[in-house]
Amino acid sequence: MFADVAFPISNFITFTYKVPEKIAQDVKIGSRVNVQFGPRKTQGIITELNTKSSFAGKLKEIDGLVDDLPIMTQELWKLIQWMSEYYVTPLGQVGKAVLPKNLSTRYNPPKNWMVQPIITGDGDLEAVKKRAPKQYELYQEILKTEKPIKVSSLKELVSNPLTGCRGLEKRGLVSIFEETSLPDVTGFSFDPIHKKVKFNKHQKTVVAAIIQSLDSKNYSPFLLHGVTGSGKTEIYIEAVRHCLDQSRTAIILLPEISLTPQIAGRFRAVFGDSIALWHSKLTQAQRSWTWKEICKGSFKVVIGARSAIFSPLKDLGLIVIDEEQESSFRQDSPAPRYHARDVALMRATYEGSSVVLSSATPSLESYYNHLHKKLTYLHLPERFGGAKYPQVHLVDMLGDQEESGKFGQIFSGLLQDKIEDRLQKKEQIILLQNRRGYSPVVRCGDCGDIVMCPQCKVALTYHRKGSQLICHCCGHFETKQREACRSCQSPNMKYSGTGTQRVESLIEETFPDARLGRLDMDTARTGSGLTKILKDFSDGKLDILLGTQMIAKGLDFPNATLVGIINADLGLHLPDFRAGERIFQLIYQASGRAGRRLKPGEVVIQTYVPDNPVIKNAAKLDMMKYYNIALSERNELKYPPFSWLAKIEITGRNQTSANSLSERIAKALKGKYTGLDVLGPSSCYLEKLRNNYRFQIVFKSLKKVDPNGQKLHQFITNNFRDFQKKFRPGKNRINIHFDPLSLI
Ligand code: ADP
Ligand code: ZN
Ligand code: ZN
């Protein structure tokens, strides 16, 4: 037997290997195999099995299978094939995303030696004390707890504690044994949060519709549009319950790591240990173990980030995409450049599952798809339990500062008063500043020179901790603070702009007694750090939760009655057709954190452009009005959802060469069919990243001529599937983005 094997390379070719007799029974399409590939041993995926091979030369044999139990379902394999085709990405690269190399079913959790004291008479002990004082010391330490402890935890006392413990065992003083240490995956979850749930009229209708679709076992896509606090999470729980009753499984995709602990707590209260969590903070051991247990069928529900959509669950009945509008569901780099929402819809068609795209602020695409009857619309128009919408104050920062005569203030008078008021009332406050670090721009007060990243065309952000200058694009950092300007040697360096750390120090000065937690990518480096801040806020041990967009959505804190959006304009002026939509959703979502139960909530939104339609309508919480404006804008400019979009990104170290390649490509591809607009080539908004210059060509194919996007897809496939041959990019790279979310 012969197998075609794909590797994670940027080429669509596969390679034929002989299948050795001893594994012939076990190899399947989609199996991972170890093989010799060129000079190295590596992993590949079997894409075809044949009894004959037309290859005339000598073929190598497969070394062996990577996994010892089936990891691929038929549906998942179909999904991989679809992704390869749709995103114009070789199977091997898609395979690598679906089945990362570091996951293997051969993973076994490590075993630890444990030791436990046996209480005996003192006679022996005296002897030990004299003859083996080190062992005596060990024994005293072991005696401190009655429970077994890890032998390795005694390393500080002696260099080889196991030998010492063996000695003690011989004397009958302790017993030692080996224990498998299962990774603790509950550390990333709140303790189970039990609720008494009684559905209201709207909720009942929604639940009934989802249950009916689950019972049909047919592909059914829904848009669940429920205002903030309307009980969407309770709906997911009920739907999952029904799904498990049918002996099927479910995936819940979350857009943001910060949502995991609370939702996990709510799910664990109902489903106990059948829940697996899948996110970027898992250690390698937790990740491998979780994945293996999913393959074995031990978990029935996977809650996780984007890549959880590839969980090897069998009999998948339900996929929920929480906050479906979030851009984190899109993977832009590396390939495959996919959108987990679209992948979910596809997986559901293969599995016959129900899909619930859920949000208080659906993406314009999903909203449009509902208008065009591609999604079944479910609506929760009210907050649960009669909770009212918050009262929103829009503060014109320019006016405010003119009035007070104080410029460059971070807090308006109103926000400061409201914070004080809540601190007095012992109610909680959430403050959003969607930028981390202390100050995003460091510039020379004399010549105006800005401190830039040496590898990217991006200003370095000053971080207070460790006095570092960090590039938020490539991670480059300089630990020594700039004492003087590099251009004019002036020592007059100015730290301008505001990140979460600067707000933090201002709060510490202004409200010295307030207990403050800051949540951004820097404080959430570890899962336990993140969980602790959220838990402390939830338990009322913190008065103020300050953070980036990590705190803006999905969280449910009943005692939080004030939300302050410190600078609502951040990101509003990015040259991207989705900038407005994103800011609207962020403000609306953040506002939704206020007053979720009986106490009324208030929101203070600070802006320099109070008349901007995005800000104005977000402040009125008027979604329909803004969506209608945004849709007509998109229509006018021929952007999605009125067109299909593809973006070709050309990058290279040599600016001239990358530029001329992009000119050459654009020239070859202009005006190929009516209804196709070709924009560019132009420099990307981030012109240079990690020493690579970036150019892009954007293709827009109008839905009027290309209703399901097939024309554009065919066009991109024809021109870029074999781009190496066709365009000879040399050292430059060509990246294909189908349905890109962003054009910057
Ligand atoms: P959303 O996800 O739509 O923002 P949640 O599911 O977090 O809303 O619901 C808001 C709050 O109301 C939660 O604390 C939730 O437990 C509670 N809640 C919602 N629906 C019900 C219900 N039917 N019975 C009891 N509590 C409910
Ligand atoms: Zn200078
Ligand atoms: Zn950089």
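In this report, donors are N, O and S atoms within 2.8 Å of the metal (3.2 Å for Na, K and Ca); water is not among the atoms, so sites may look incomplete. The structure is a predicted model, in which local features need pLDDT of at least 70, side-chain atom pairs count only at pLDDT 80 or more, and totals for chains, interfaces and linings use all residues. Residues are numbered from 1 along each chain as its sequence is written, chains are lettered from A and ligands numbered from 1 in the order in which they are written, and side-chain values use heavy atoms, with hydrogens and water left out.

**The zinc sites**

The table lists the protein donors of two zinc ions.

| Ion | Donors | Distance | Angles |
|---|---|---|---|
| Zinc ion (ligand 3) | Cys-453 (SG), Cys-456 (SG), Cys-471 (SG), Cys-474 (SG) | 2.2 to 2.4 Å | 105 to 116° |
| Zinc ion (ligand 2) | Cys-444 (SG), Cys-447 (SG), Cys-485 (SG), Cys-488 (SG) | 2.3 to 2.4 Å | 104 to 114° |

The site of the zinc ion (ligand 3) is tetrahedral, and that of the zinc ion (ligand 2) is tetrahedral as well; four donors count as tetrahedral if all angles lie between 85 and 135 degrees. Along the chain, the donors of the zinc ion (ligand 2) follow the spacing C-x2-C-x37-C-x2-C. For the zinc ion (ligand 3), the spacing is C-x2-C-x14-C-x2-C. Here Cys-456, in the loop between strand E18 (441-444) and strand E19 (461-463), and Cys-471, in the loop between strand E20 (468-470) and strand E21 (477-478), link distant parts of the chain, 15 residues apart. Helices (H or I, at least four residues) and strands (E, at least two) are DSSP runs, numbered from the N terminus.

Both Cys-456 and Cys-471 are buried, where buried means under 20% relative accessible area, exposed over 50%, and partly exposed in between (1.4 Å probe, protein chains only). At the zinc ion (ligand 2), Cys-485 is buried because its relative accessible area is 3%, whereas Cys-488, at 33%, counts as partly exposed.

**Strand E13 and its partners**

In strand E13 (residues 316-322), 7 of the 7 residues are buried, so the strand is largely enclosed by the rest of the structure. Strand E10 (residues 249-253) runs parallel to E13 and is joined to it by 5 bridges; two strands pair if DSSP finds at least two bridges between them. Within this pairing, Thr-249 stands opposite Leu-316. E13 also pairs with strand E14 (residues 354-359), in the parallel sense and over 5 bridges, with Leu-318 opposite Ser-354.

How values were computed
Tetrahedral: all angles 85-135°; square planar, octahedral: opposite > 155°, others 65-115°.
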